[in-house]
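Let's take a walk through this one together, starting where the ligands sit and ending at a helix further along the chain. Have the sequence and the 3D view open as you read.

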Amino acid sequence: MPTERDKISPERLETALNEFRFEGVFSAYAPHGCGHINDTFLLTFNGGKKYILQRINGAVFKDIPKLMGNFELITEFLAERAATAGIDPERGVLRLIYTKTKKSYICADGEYFRAFAFIDGATSFQRAESPELLREAGRAFGGFARLLDGFDAAKLYESIPRFHDTESRCGDFLRALKADRLNRAKTAEREIEFTLARRGITDKITRPLRERKIPLRVAHNDTKINNVMIDDETGKAAAVIDLDTVMPGSLLYDFGDSVRSGCNTGGEDERDLNLVNFDFTLFRAYSEGYIGEVGRLMTDAERELTAFAPPLMTFECGMRFLTDYLDGDVYFKTEYAEHNLARARAQYKLTADMEKNGDKMRKVLEDVFRRLKRRSGERV
Ligand code: ADP
Ligand code: GN1
Ligand code: MG
């Protein structure tokens, strides 16, 4: 069902059309994609030109000018690197469309908009349809991390503080549970129990990061597989998108979150939990793609924690959905009242499945790292 967030007011649309450097005569706009955070629209122009116009979520991003400062730095850096890495600068990296006064966003009555070149002839998949697709997504996110290696993390504003700090996320959950604003806790008893039983694992990545046993790196931090565009003709990755959370983080977050979103045989919000299972063929394909690109950068301590990242990130995501359910659906876009609860249930089913298969996951990763070493001539 269309909501207010699927529309742009005529005045606001006119402002956007006047200010951004779009080419052609505007023809139509329509809601686009399945992101949970921003409101995304496809603009079409006579003559065939297309652009993305996005209303940035002001409840999630507290300082949008600073967020867009990050965006400018990152997209400029990526465009420069693309030129030397043989990547198509038009389509292989996300490209901002600036305004006529060279601003990367506009603000009208508290609503912020930005625009992107539309990556045409490519699809963002909500779930993995084949191992080849996942291998490509892995290559894309691994390649993205490699491109950004060397970017000075200190230049970046932390767009969402403690984004993947699972301990802090657990604190948010406990606060939401205590408040139980809408009296929903009684409908989520099993999920609450599941969360409380895992309080002991929440520092598994944050602690080594804090203790500098693993490096803090510039990470994407939102490596859901629908944040990579796959070329319709070649089946190869075209570009990584959704750069709102590019900030200091860990490669382990990125690896774990892609495995969470990509190696599930069901949807992220699947209500029939029998359909939600962890898929090893997809896992091997993603791991080969990602580690093939970025594995050489990883330290031994990072490699050792790699198998642990997927269940932790899946648990964290489930906990965030559950927290939002208890809070009254204030963060993620939802389509029905129990949507966040359904998402939490699916994520927890997947977490449990990964936990059961921990040894097998570790073996797959050992094998992938072993092959990588062999290829690069390191001692096995
Ligand atoms: P959110 O933060 O809400 O997830 P995204 O930036 O990921 O927003 O955009 C939502 C969706 O819009 C993406 O999943 C993708 O389908 C589509 N999209 C975003 N940017 C582009 C682009 N430059 N070209 C083509 N499609 C895009
Ligand atoms: C959000 O923006 P989108 O839809 O790509 C969220 C991710 C979650 C994901 C779960 C900024 O991603 O952290 O993992 O939903 N992004 C933000 O589907 O919170
Ligand atoms: Mg997105």
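How far does a polar side-chain atom of Asp242 lie from an oxygen atom of ligand 2? The distance is 3.0 Å. Keep in mind that this is a predicted model, and that goes for every distance below. Asp242 is a handy place to start, and we'll come back to it with the other ligands.

Stay with ligand 2 for a moment. It has 17 residues around it, and the ones that come nearest are His36, Lys224, Glu268, Arg320 and Tyr331. Two of these make contacts worth clicking on. With His36, it's a polar backbone atom that sits 2.8 Å from an oxygen atom of the ligand. With Lys224, it's an N or O atom of the side chain, again 2.8 Å from a ligand oxygen. On its own, ligand 2 has 440 Å² of accessible area, and the protein covers 97% of that.

Who builds this shell? Helix H10, residues 309–327, gives the most to it, with 3 residues. By class, the shell around ligand 2 splits into 7 nonpolar, 4 polar and 6 charged residues. Both domains chip in: domain 1 (4–120) and domain 2 (124–376) each provide at least three residues.

Now move over to ligand 1. Here 20 residues surround the ligand, and the closest are Asn38, Gln54, Ala117, Ile119 and Asp242. There's Asp242 again, with an N or O atom of its side chain 3.0 Å from an oxygen of ligand 1. Asn227 puts a polar side-chain atom 3.1 Å from a ligand oxygen, and the side chain of Ser124 has an N or O atom at 3.3 Å from one. The protein covers 96% of the 550 Å² that ligand 1 would have accessible on its own.

The make-up of this shell is 9 nonpolar, 10 polar and 1 charged residues. Strand S3 (50–55) and strand S6 (111–117) each supply at least two of its residues. Domain 1 and domain 2 both give residues to the shell, so ligand 1 lies between them.

Two of the residues we've just met also hold the metal. The magnesium ion, ligand 3, is coordinated by Asn227 through OD1 and by Asp242 through OD, at 2.2 to 2.3 Å. Asn227 is in the loop between strands S8 (217–219) and S9 (228–231), while Asp242 is in the loop between S10 (237–240) and S11 (247–249), so the pair ties together parts that are 15 residues apart in sequence. Are these two buried or partly exposed? Asn227 has 6% relative accessibility, so it counts as buried. Asp242 has a relative accessible area of 23%, so it is classed as partly exposed.

Last stop: helix H12, residues 358–375, which is where you'll find Asp367. With 18% relative accessibility, Asp367 counts as buried, because the cut-off is under 20%. Its side chain is joined to the side chain of Arg284 by a polar contact of 3.0 Å. Leu365 is found in helix H12 too, and Leu365 is buried, with a relative accessible area of 3%. Arg284 turns up once more here: the C-alpha atoms of Leu365 and Arg284 are separated by 7.8 Å, although the two residues are 81 apart along the chain.

Technical notes: Residues numbered from 1 in each chain as written. Chains lettered and ligands numbered in written order. Predicted model: local features only at pLDDT ≥ 70, side-chain atom pairs only at ≥ 80, totals over all residues. Heavy atoms only, no water. Near = heavy atom within 4 Å. Polar contact = N/O pair within 3.5 Å; in protein donor to acceptor, adjacent residues only side chain to side chain. Areas by Shrake-Rupley, 256 points an atom, 1.4 Å probe, with all protein chains shown as cover. Helix = DSSP H or I, 4+ residues; strand = E, 2+ residues; numbered from the N terminus. Nonpolar A, V, L, I, M, F, W, Y, C, P; charged D, E, K, R; others polar. Domains from an automatic or database assignment. Buried < 20%, exposed > 50% of the residue type's maximum accessible area, 1.4 Å probe, protein only. Donors = N, O, S within 2.8 Å, 3.2 Å for Na, K, Ca; no water.
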